[in-house]
Amino acid sequence: MLRHFISTLIQTRGIKHTVNIKWVRPPYVPSYKPEKSGDLEGLPPVPETTLGRYHALSDEIKDASESVKKIFSVAYLGKKEHHILFKQELVNRVKRHKYDETTAETKIASITGSIRCLQEMMEKFPRNVKMKQVVQELIDKRKKLLKFLRQYDYKKFEWLLEQLNIEYKSHPETYHKLSRKESLRKLTEMYCEDIRNKKLAEYKNLLESQQGPFLKQKLENLKFIRSEQMDLKLPITVSEQVIKTVEKQLEEWVIKDKIKEDAKKKRKNIILDLD
Amino acid sequence: MAKSLAETAKKFLLLGQCVPSVKQNAAKIRVKKLELDENLLMYFRKDEYYYCHDPEKICQTGDIVLIQALPQKLTKLITHEVKEVVYPFGDITDPITGKKVAKERYREDMDRQAELFGKLQSTFDYNKAPPRGWQEGKKDFSSKPTYTKFHIFDDNDPYAI
């Protein structure tokens, strides 16, 4: 009580802020949401007028009247039947053969179907705690199966991600609650790194700009020494190769300098246009 | 004597696994070692991490590779180089028969089974499949370590959870 009172009177939190960093806490996203579970696609398009799973197989319904077909359509048979069709649609994308139900890819596909159906239901009833739990368990199970598939068959794993439109992200080292202090530390570190890189880039620029004049001077001096040695008939220490290499370096520098200046001009023009 | 010993020790090859890392121009290799606890007289696992020079990018995350110490350190971190990939990750070959395996079964057998039941168009074909890595950074985010999202940046990092 007393501590709370003191902390409201004296605000100790905001005192040491010498660095201008603004931290925005990421908003809470429930774990059943598609952006957390990694589903990049909604439910497959299966209209409500399609017949139920077993009803579609019968011969009588083929030449039945419209009203009978309507009664045996998914809209009248219930959500459960509709969800089964969604699942089948996903499983059909990866099935090996007609009776394939137990391989990893079909398991993952059918789990994905259930997850997507339940996600849609969760949007309608976000307070249904039991359903939330079921979705979470299914998502974890799918992730585990994907992890194992990745270990023993990487090519199939990648193909499956493409077929079912799932994102796979590996587990982080630790799952911990986000704290303000940790985030601020990381942000400050990034800020410092940014400053360091900027300074290094500036210094590099400065050194590179001094390279050209130095090379010109060096070329002149070398040529002068060579001509003097020739005139005085002394042993020649500066070969033509050395002079050629220096000339090459100078040419390269000129080209680089031109590219840099052009980029600078472009940036200036863009800023002027924006103004 | 000690000097020559250290030099020969440098030539040893180490077997390790490539782990996800943020470093761009080097591979991070985990080498598993066993350390003796003298009080308990038991061996405990102790991991050592090496940053290895890998200019041609022969190793990908998860591969089991052989590494060797460089004669001179490249940078402060990079001390070793990747010699060769021994076991590529998720692409297992049976050492006795030389056939490809998925989990506990031969790929051939699985294919044969699918044919007997009536192979469908949707079956995954190993021959047509592109080499590993075509989904990296698109849908497969496992080459770099993920972390808890701590701030809202302008561009969204997929490795932040």
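**Exercise 1. The salt bridge between the chains**

With which residue does Lys139(B) form a salt bridge, and how far apart are the closest N and O atoms?

*Solution.* The model is a predicted one, and the search begins with the count between chain B and chain A, which is one salt bridge. The partner of Lys139(B) is Glu162(A), and the closest N and O atoms of the pair are 3.6 Å apart. This distance can then be held against the criterion, which asks for a side-chain nitrogen of Lys or Arg within 4 Å of a carboxyl oxygen of Asp or Glu.

**Exercise 2. The extent and make-up of the interface**

Describe the contact between chain B and chain A, and then work out which parts of chain B supply it.

*Solution.* Begin with the residues: 43 residues of chain B are in contact with 43 residues of chain A. Turning to area, the two chains bury about 3,800 Å² between them, of which 60% lies on carbon and sulfur atoms. Phe124(B), Lys139(B) and Phe150(B) supply 19% of the area that chain B buries against chain A, more than any other three residues.

Next come the polar contacts, for which the count between the chains is 22 residue pairs, both residues being at pLDDT 80 or more. On the side of chain B that touches chain A, at least two residues are supplied by each of strand 7 (100-102), helix 2 (107-117) and strand 9 (140-141), and the largest share, four residues, comes from helix 2 of chain B. By residue class, this side of chain B divides into 22 nonpolar, eleven polar and ten charged residues.

Finally, consider strand pairing across the chains: two bridges join strand 1 (residues 168-169) of chain A to strand 9 of chain B, and these strands run parallel. Within this pairing, Phe141(B) is the bridge partner of Lys169(A).

**Exercise 3. The sheet and the barrel of chain B**

Trace the strand order in the open sheet and in the barrel, and explain why strand 6 and strand 8 of chain B stand at the edges.

*Solution.* The open sheet of chain B consists of three strands in the order 6-7-8, with antiparallel pairing. Strand 6 (92-93) and strand 8 (105-106) each have a single partner strand, so one side of each is left without a neighbour in the sheet. Strand 7 is joined to strand 8 by two bridges, and there Ala102(B) has Arg105(B) as its bridge partner.

In the barrel, five strands of chain B close in the order 1-2-3-5-4 with mixed pairing, and the twist averages 50° from one strand to the next. Strand 2 (residues 26-37) and strand 3 (residues 42-53) run antiparallel and are joined by twelve bridges, with Ile29(B) standing opposite Tyr50(B) in strand 3.

Methods. Residues numbered from 1 in each chain as written. Chains lettered and ligands numbered in written order. Predicted model: local features only at pLDDT ≥ 70, side-chain atom pairs only at ≥ 80, totals over all residues. Heavy atoms only, no water. Contact = heavy atoms within 4.5 Å. Buried area = accessible area lost by both parts, 1.4 Å probe. Polar contact = N/O pair within 3.5 Å; in protein donor to acceptor, adjacent residues only side chain to side chain. Nonpolar A, V, L, I, M, F, W, Y, C, P; charged D, E, K, R; others polar. Pairing = 2+ DSSP bridges. Axes fitted to C-alpha atoms, helices over the stretch in contact; angles between N-to-C directions.
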